[in-house]
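Work through the exercises below with the sequence and the model open. Each task is followed by its solution in steps.

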Amino acid sequence: MAFEPSLSTSGMRPPLASADAPSMADSLPSINFGFEDLRNRMAQFTIKFDAFIERGRKQVLEERNQFHINLAELEEDERMRQRDIEILTLKSQTHEQTLQKEAAEAAEMHAAISSITLERDSRLTKRDRLKQQIAETQKAINVKLEAQKAHAQQLDAQSRLNFPELEFWQDYLCIRIEGAGREDRLKFVYSHLLEKDWEAEAWFELGTASRDYEVFHTRPKVDRNALEGVVDLVNDDRDFGAFLKRMRKLFVEAMN
């Protein structure tokens, strides 16, 4: 048997529904998606989010302001520390200069002390040397004084013996004896040397400090060699009268 398409399709179709028949969608259960609640929740979230953002913005502003304040304080602290460092550096430099100055003064003082010490030692040495020289000089003076004392005693004894003889020579040779300004010198003054001028005088100074006589000054001047011969002769023979006579002769020769 042949296949009939029209028969097969028509036999399988359901019957057409009428316009008054109920819809299948109406028979489905109703679903509430909650859009209003979602909108409310979204609105609340937006309010909270805006509040969160505002709080965050305020916090950021506050933190930034606090950061600037802290930064300004740190910068001020840094300036103060830098100022303190400069002050301490200046004080350190001043202290170093003071130490250098004190060191220089100390070195100068030590040098002065060393110089004074050397000078003191030199003066002490010189003082000791002078003490020794003074002691030696005093000893020599004492010896000389003793010798002069003994010589004076000898002269005194001799003068007592020679006084009559001295008076004779004073009268005979027209001599007068004077002081010469020193204890160990005598001045012998002659007169009546020239027949044409009896008032003309001549004199000499005789040193008596030692055993040997010494003639220091004469007026008028006489021949030096002749004078030395006369002095040497009296020191040898100790004949003082003859010495006075020879001196008179030298003056007469010098004045003529």
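**Exercise 1. Place proline 220 and describe the peptide bond before it.**

Step 1: Proline 220 sits in the loop between strand 4 (214-219) and helix 3 (224-237); helices (H or I, at least four residues) and strands (E, at least two) are DSSP runs, numbered from the N terminus.
Step 2: The peptide bond joining arginine 219 and proline 220 is cis, with omega about 0 degrees.
Step 3: Most peptide bonds are trans, and most residues other than glycine have a negative phi.

The model is predicted: local features need pLDDT of at least 70, side-chain atom pairs count only at pLDDT 80 or more, and totals for chains, interfaces and linings use all residues. Residues are numbered from 1 along each chain as its sequence is written, and side-chain values use heavy atoms, with hydrogens and water left out.

**Exercise 2. Examine phi and accessibility at cysteine 174 and histidine 192.**

Step 1: Cysteine 174 is not a glycine, yet its phi is positive, about 55 degrees.
Step 2: Its place is the loop between helix 2 (35-173) and strand 1 (175-179).
Step 3: Cysteine 174 has 24% relative accessibility and therefore counts as partly exposed (buried means under 20% relative accessible area, exposed over 50%, partly exposed in between; 1.4 Å probe, protein chains only).
Step 4: Histidine 192, also not a glycine, has a positive phi of about 55 degrees.
Step 5: Histidine 192 lies in the loop between strand 2 (185-190) and strand 3 (202-207).
Step 6: With a relative accessibility of 34%, histidine 192 counts as partly exposed.

**Exercise 3. Check the length of helix 3 and sort its residues by side.**

Step 1: Helix 3 has 14 residues, which at 1.5 Å a residue should span 20 Å; the expected span is 1.5 Å times one less than the number of residues.
Step 2: The end C-alpha atoms of helix 3 are 20 Å apart, in agreement with that span.
Step 3: Leu227, Val230, Val231, Val234 and Asn235 are the buried residues of helix 3.
Step 4: They cover an arc of only 130 degrees around the axis, so they are on the same side of helix 3; the arc is that of the directions from the helix axis to the C-beta atoms.
Step 5: Asn225 and Asp236 are exposed on the other side of helix 3.
Step 6: Strand 4 and helix 4 (240-255) are what the buried residues of helix 3 pack against, where contact means heavy atoms within 4.5 Å.
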